[in-house]
Amino acid sequence: MTVHFIGAGPGAADLLTVRAVDLLRTSPVCLYAGTYLDPEVLAHCSPDAELIDTQHLDIDQITAHLVRAHESGSDVARLCSGDPSIYSALTDQTRRLDAHGVPWDITPGVPAYAAAAALLGTELTVPEVVQSVVLTRTRARSTAMPESEALANFARTGATLVLHLAITRIRPLADELAADYGSDCPVAVVYRASQPDQLILRGTLADIADQVEAATLRQAAVVLVGRALTPAITCTTSHLYDPARDRRTSTAPR
């Protein structure tokens, strides 16, 4: 049978795709990361489904559950927080499944940065201010970052930065980024976006670390940095919707 890697989105049960809900309803086995998931998401599963929390399992133990379900003739819903394309350990799992001859597919989900931007009520790209978004992380107790992906390299671009898995290093990160963005650069931290205990902190690179430490945030948060987060930002009209564009088009030679 098939292992379905499903983006669980930021955690809210009503932010899953229709396809994701259908797969959850029809899969006899569901593996999920209890650390990041709102339990209401699991309400989409069949009452008879076998539910396995993976938060204390290593990759080989997770693979063993997936292979066992396949060999017993069961489809598996493998829930990933956010979208499977970002920091989901998808590659680690699929290459092991390939080695066992287990088929798999992927259903995308709402990424954490998109849910965070929605809660902030902001666009991460603003005409003539910033037109790029960088999704990255830093190294703490995780895999080493390639030297070419040093945070300073991204900071020099002035792009909107979205930092995953970085909340425990917020103070040194803020100090490092201030060199390029300026200490007054807007920052937002969104904890458990869309879930009942969500929390939004807004500040600047100068004060955001104090706020995060006061709130004792240690996980499940994304950090957004950049001038696009400036409240009531002033910018030019997008070229796509600029009235002058219509006038230029209508008067162009035919």
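This note goes through some side-chain features of a predicted model.

1. Cysteines. The structure contains zero disulfides. Cys 30 shows why: its closest cysteine sulfur is in Cys 45, 3.9 Å away, which is too far for a bond. The cut-off for a disulfide is a pair of cysteine sulfur atoms within 2.5 Å. Cys 30 is buried, at a relative accessible area of 1%. Cys 185 is also buried, and its relative accessible area is 0%.

2. Two sides of helix α1. This helix covers residues 18–26, and its buried residues are Ala 20, Val 21, Leu 23 and Leu 24. They sit on the same side of α1, because they cover an arc of only 165° around the axis. The other side of α1 carries the exposed residues Val 18, Arg 19, Arg 25 and Thr 26. A general point helps in reading such a pattern: an α-helix has 3.6 residues a turn, so residues three or four places apart point the same way.

3. What helix α1 packs against. The buried residues of α1 pack against four strands: β1 (3–7), β2 (29–32), β4 (76–80) and β5 (104–107). When looking at the model, start from Ala 20, Val 21, Leu 23 and Leu 24, the buried residues of α1, and look for these strands beside them.

4. Gln 93. This residue lies in helix α3, which runs over residues 90–100. Is Gln 93 buried or exposed? Gln 93 is buried, because its relative accessibility is 1% and the limit for buried is under 20%. With neighbours within four places in sequence left aside, Gln 93 is in contact with Phe 5, Ile 59, Ile 62, Leu 66, Arg 78 and Ser 88.

5. Thr 94. Thr 94 is in helix α3 too. Thr 94 counts as buried, with a relative accessibility of 8%. Its side chain reaches the backbone oxygen of Thr 91 at 3.4 Å. Leaving out residues up to four places away in sequence, Thr 94 touches Phe 5 and Trp 104. Phe 5 therefore appears among the contacts of Gln 93 and among those of Thr 94, while the limit used for a contact is heavy atoms within 4.5 Å.

6. A salt bridge within helix α3. Asp 92 and Arg 95 form a salt bridge, and their closest N and O atoms are 3.4 Å apart. Both residues belong to helix α3 and are three residues apart, about one turn of the helix. Asp 92 is partly exposed, with a relative accessible area of 32%.

7. A salt bridge between distant parts of the chain. The count of salt bridges is eight. In one of them, the side chains of Arg 68 and Glu 50 meet at 3.3 Å, N to O. Arg 68 is in helix α2 (residues 59–71) and Glu 50 is in strand β3 (residues 50–53), so the pair links distant parts of the chain, 18 residues apart. Arg 68 is partly exposed at 35% relative accessible area, and Glu 50 is partly exposed at 34%.

8. Other salt bridges. Asp 197 forms a salt bridge with Arg 192, with the closest N and O atoms 3.5 Å apart. How do the two partners stand in accessibility? Asp 197 is partly exposed, at 41% relative accessible area, whereas Arg 192 is buried, at 12%. Elsewhere, a network of salt bridges links Arg 171, Asp 210 and Glu 213.

Note on methods
Residues numbered from 1 in each chain as written. Predicted model: local features only at pLDDT ≥ 70, side-chain atom pairs only at ≥ 80, totals over all residues. Heavy atoms only, no water. Buried < 20%, exposed > 50% of the residue type's maximum accessible area, 1.4 Å probe, protein only. Helix = DSSP H or I, 4+ residues; strand = E, 2+ residues; numbered from the N terminus. Arc of directions from axis to C-beta. Salt bridge = Lys/Arg side-chain N within 4 Å of Asp/Glu carboxyl O. Polar contact = N/O pair within 3.5 Å; in protein donor to acceptor, adjacent residues only side chain to side chain.
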